[in-house]
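Student: I should like a close look at a single part of this model, followed strand by strand through its pairing and packing. Please give one connected account and state each cut-off as it arises.

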Amino acid sequence: MTKTNNLKVLVACEESQVVTKEFRKLGHEAYSCDVVDCTGGHPEWHIKDDVINHINKDWDMMIAHPPCTYLSISGSRWLYNKDGSRNEERWEKRELALDFVRNLLNAPITHIALENPVSVISSQIRKPDNVIEPYQFGHGETKRTCLWLKNLPNLMPTNIVEGRETKIWNGMRDETGKKLAWNSKEIKTARSKTYKGIAEAIANQWSKYALNYRASLLFFILLSACAKDNDRCITYKVEQYQRGETICNEGICEDTYITEIFCSYYENRKIN
Ligand SMILES: C[S@@+](CC[C@H](N)C(=O)[O-])C[C@H]1O[C@@H](n2cnc3c(N)ncnc32)[C@H](O)[C@@H]1O
């Protein structure tokens, strides 16, 4: 029997495993993928490689956090040298970064979310579908975060809290106690980690959506099969579903019910 309550999720460009772990808590088969080692404590759930080598596998969903170094609006000032001439190397890197984003957005995966700060993706590819802030998800800080979505709804705020300040990072020190420079690798890595509240919302809201989406697909497959084969038992079960006799929780219908119908239909066909 297909494991229909289980999603295969690729969390692209994630070393912290913050999002991966939230999907795992819900029982989904999630993997982080990054060119560097993971720091989330679960190397068994980590693919250390260029994510482009993995986007053609059989995933249900991809959450992608591509690097913003050459894409963010705040980094655009480096596109020109002090004398006003073009910094050709920087332009080239920006194009490569945009191609990377295009490849991720065009991956053959049913549900995709790509996250980045306010960036040139908006002008060079398309505007974001959803813009969120950490203070909408329980973290009293601002960090405008854009989401480009394929077949996913906007992320709904879960816990709007006080606090509209940008987090100050200049207090971080290395193991010898020396203050870290604002542009040090350590501070950049810490700043780029996904907020836990946002990761929880991603896993909770989007896994429900994807499971419901799958259930609807199964339902339509079943409907057409019933019409073709005129199987009275299955038709009866579909009618039950249409009468609303399903297990629903906060408006989300459990897909197990449809799964059972779908599987029993195929089991019956095998026996007969
Ligand atoms: C902006 S950070 C995102 C970090 C993420 N939010 C987290 O919590 O781990 C971008 C990440 O993309 C990774 N990366 C860059 N190029 C990559 C590639 N081709 N394939 C996979 N990961 C890549 C970097 O190593 C970095 O960890």
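**The sheet around β4 and β5**

Tutor: The bridge partner of Met62 in β5 is Ile112. The model is a predicted one, in which local features require pLDDT of at least 70 and side-chain atom pairs count only at pLDDT 80 or more, while totals for chains, interfaces and linings use all residues. Residue numbers run from 1 along each chain as its sequence is written. Helices and strands are DSSP runs numbered from the N terminus (helices H or I, at least four residues; strands E, at least two). Two strands count as paired if DSSP finds at least two bridges between them.

The pair just entered consists of β4 (residues 61-64) and β5 (residues 111-116), which are parallel and joined by four bridges. Two further positions show the register: Ile63 faces Ala113 in β5, and Ala64 lies opposite Leu114. On the other flank, β1 and β4 also run parallel, again with four bridges between them. There, Ala12 stands opposite Ala64 in β4. Between β4 and β5 the chain passes through α2, and this β-α-β crossover is right-handed. Right-handed here means that, with the strands pointing away from the viewer, the path from the first strand over the helix to the second runs clockwise.

β5 has a further partner, β7, with which it pairs in the antiparallel sense over five bridges. One of the bridge partners in that pairing is Trp148 of β7, which corresponds to Leu114. In general, strands of a sheet pair through backbone hydrogen bonds, either parallel or antiparallel.

These pairings belong to an open sheet of seven strands with mixed pairing, in the order β3-β2-β1-β4-β5-β7-β6. Because β3 (46-48) and β6 (130-132) stand at the edges with a single partner strand each, one side of each has no neighbour in the sheet. The average turn between neighbouring strands of this sheet, direction ignored, is 20 degrees.

Two helices pack on the sheet. Helix α1 (residues 18-25) touches β1 (8-12), β2 (29-34) and β4, and its direction makes about 170 degrees with that of β2. Helix α2 (residues 88-105) touches β1, β4, β5 and β7 (145-150), with an angle of about 155 degrees to the direction of β5. Contact here requires the C-beta atoms of two residues, placed from the backbone, to lie within 7 Å. The angles run from 0 to 180 degrees between N-to-C directions, along lines fitted to C-alpha atoms, for helices over the stretch in contact.

Burial can now be added to this picture. A residue is buried if 20 or more other C-beta atoms lie within 10 Å of its own, exposed if 12 or fewer, and partly exposed in between, with C-beta atoms placed from the backbone. In a regular strand the side chains alternate between the two faces of the sheet. In β4, Met61 and Ile63 point one way, Met62 and Ala64 point the other way, and all are buried. β5 is likewise mostly covered, with six of its six residues buried. His111, Ala113 and Glu115 occupy one side of β5, whereas Ile112, Leu114 and Asn116 occupy the other.

Helix α1 is largely enclosed by the rest of the structure, because six of its eight residues are buried. Those residues are Val18, Val19, Thr20, Lys21, Glu22 and Phe23. After α1 comes Gly27, with a positive phi near 90 degrees.

A loop residue also makes contacts at the edge strand β6. Leu155 lies in the loop between β7 and α4, and Leu155 counts as buried because 23 other C-beta atoms lie within 10 Å. Leaving aside residues up to four places away in sequence, Leu155 touches Asn130, Ile132, Leu147, Ala201, Ile202 and Gln205. From C-alpha to C-alpha, Leu155 and Asn130 are 7.4 Å apart in space, although 25 residues separate them in sequence.

For context, the protein has seven helices and nine strands. Of its 272 residues, 31% are buried. Among contacts between residues at least 6 apart in sequence, 57% join residues at least 24 apart.
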